[in-house]
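Trainee: Got a minute to go through this one with me? I'd like to start inside and work outwards.

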Amino acid sequence: MSGFADDYVDVAERIAIFREKYPEGSLQPFDPSDPIKIVVVGEKTFIQYVACAYRSASDERPGVGVAWEPFPGRTSFTRDSEAMVAETSAWGRAIVAAL
């Protein structure tokens, strides 16, 4: 993947690794009733998503990942997809924390 380190593992692969290692696990928003937050810092606006990677239904210390995505997105790939990009990034970070 251009622009990434040679050992970078994308989120799709991280999800596959997580599911293989923890078949009873689940990926969930930290606050399911309010998964997306708008954060303003100075004059910049961000979409925030906080994800949890639960290794089991009784996991009391899930991996937690936070991601902020600039709003509006800066590229044609992120514009109008800011929430999805933030969610995917947060999942990747939560999985790393859980593994």
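Mentor: We'll go through the core, helix 1, the side-chain pairs and then the backbone. Keep in mind that this is a predicted model.

Trainee: Okay, core first. Which residues touch the most other members of the largest nonpolar core?

Mentor: F18, L27, A53 and I95 do. The core has 15 residues.

Trainee: And which elements supply at least two residues each?

Mentor: Helix 1 (11-21), strand 3 and helix 2 (82-98). Helix 2 gives the most, with five residues. As a general point, nonpolar side chains tend to be buried together in soluble globular proteins.

Trainee: What is A53 in contact with, leaving aside neighbours within four places in sequence?

Mentor: Two of its fellow core residues are there, F18 and L27, and I95 is on the list too. The rest are S26, D59, P62, G63, A94 and A98.

Trainee: Now helix 1. Which of its residues are buried?

Mentor: V11, R14, I15 and F18. They span an arc of only 100° around the axis, so they sit on the same side of helix 1.

Trainee: What do those buried residues pack against?

Mentor: Strand 1 (26-29), strand 3 and helix 2.

Trainee: And what is on the face turned away from the buried side?

Mentor: The exposed residues A12 and E20.

Trainee: What caps the N-terminal end of helix 1?

Mentor: D10 does. One of its side-chain oxygens lies 3.3 Å from the backbone nitrogen of A12.

Trainee: Switching to rings. How many aromatic pairs are there in the whole structure?

Mentor: The search finds two. F18 and Y22 make a tilted pair, 5.5 Å centre to centre with 50° between the planes. F18 is buried, at 0% relative accessible area.

Trainee: What about F46 and W68: how far apart are the centres, and at what angle are the planes?

Mentor: Their centres are 5.1 Å apart and the planes are at 40°, so this pair is tilted.

Trainee: Which strands do they lie in?

Mentor: F46 is in strand 3 (residues 44-54) and W68 is in strand 4 (residues 63-71). The pair therefore ties together parts that are 22 residues apart in sequence.

Trainee: Are those two buried or partly exposed?

Mentor: One of each. F46 is buried at 14% relative accessible area. W68 counts as partly exposed at 40%.

Trainee: On to charges. How many salt bridges are counted?

Mentor: Two. K37 meets D34 at 2.6 Å, N to O. R55 meets D59 at 3.1 Å, N to O.

Trainee: Buried or partly exposed, for K37 and D34?

Mentor: K37 is partly exposed at 33% relative accessible area. D34 is partly exposed as well, at 34%.

Trainee: And R55 and D59, buried or partly exposed?

Mentor: R55 is partly exposed at 21%. D59 is buried at 14%. The cut-off for buried is under 20%, so R55 falls outside it. D59 is also among the contacts of A53.

Trainee: Last topic, the backbone. Where is the cis peptide bond?

Mentor: From F71 to P72, with omega near -5°. P72 is in the loop between strand 4 and helix 2.

Trainee: And which residue other than glycine has a positive phi?

Mentor: D80, with phi near 75°. D80 also lies in the loop between strand 4 and helix 2. At 67% relative accessibility, D80 counts as exposed.

Trainee: Why flag those two features?

Mentor: Because most residues other than glycine have a negative phi, and most peptide bonds are trans.

Key. Residues numbered from 1 in each chain as written. Predicted model: local features only at pLDDT ≥ 70, side-chain atom pairs only at ≥ 80, totals over all residues. Heavy atoms only, no water. Salt bridge = Lys/Arg side-chain N within 4 Å of Asp/Glu carboxyl O. Buried < 20%, exposed > 50% of the residue type's maximum accessible area, 1.4 Å probe, protein only. Phe/Tyr/Trp six-rings, centres within 6.5 Å; stacked < 30°, edge-to-face > 60°. Helix = DSSP H or I, 4+ residues; strand = E, 2+ residues; numbered from the N terminus. Core = buried A, V, L, I, M, F, W, Y, C linked by side-chain atoms within 4.5 Å. Contact = heavy atoms within 4.5 Å. Arc of directions from axis to C-beta. Polar contact = N/O pair within 3.5 Å; in protein donor to acceptor, adjacent residues only side chain to side chain.
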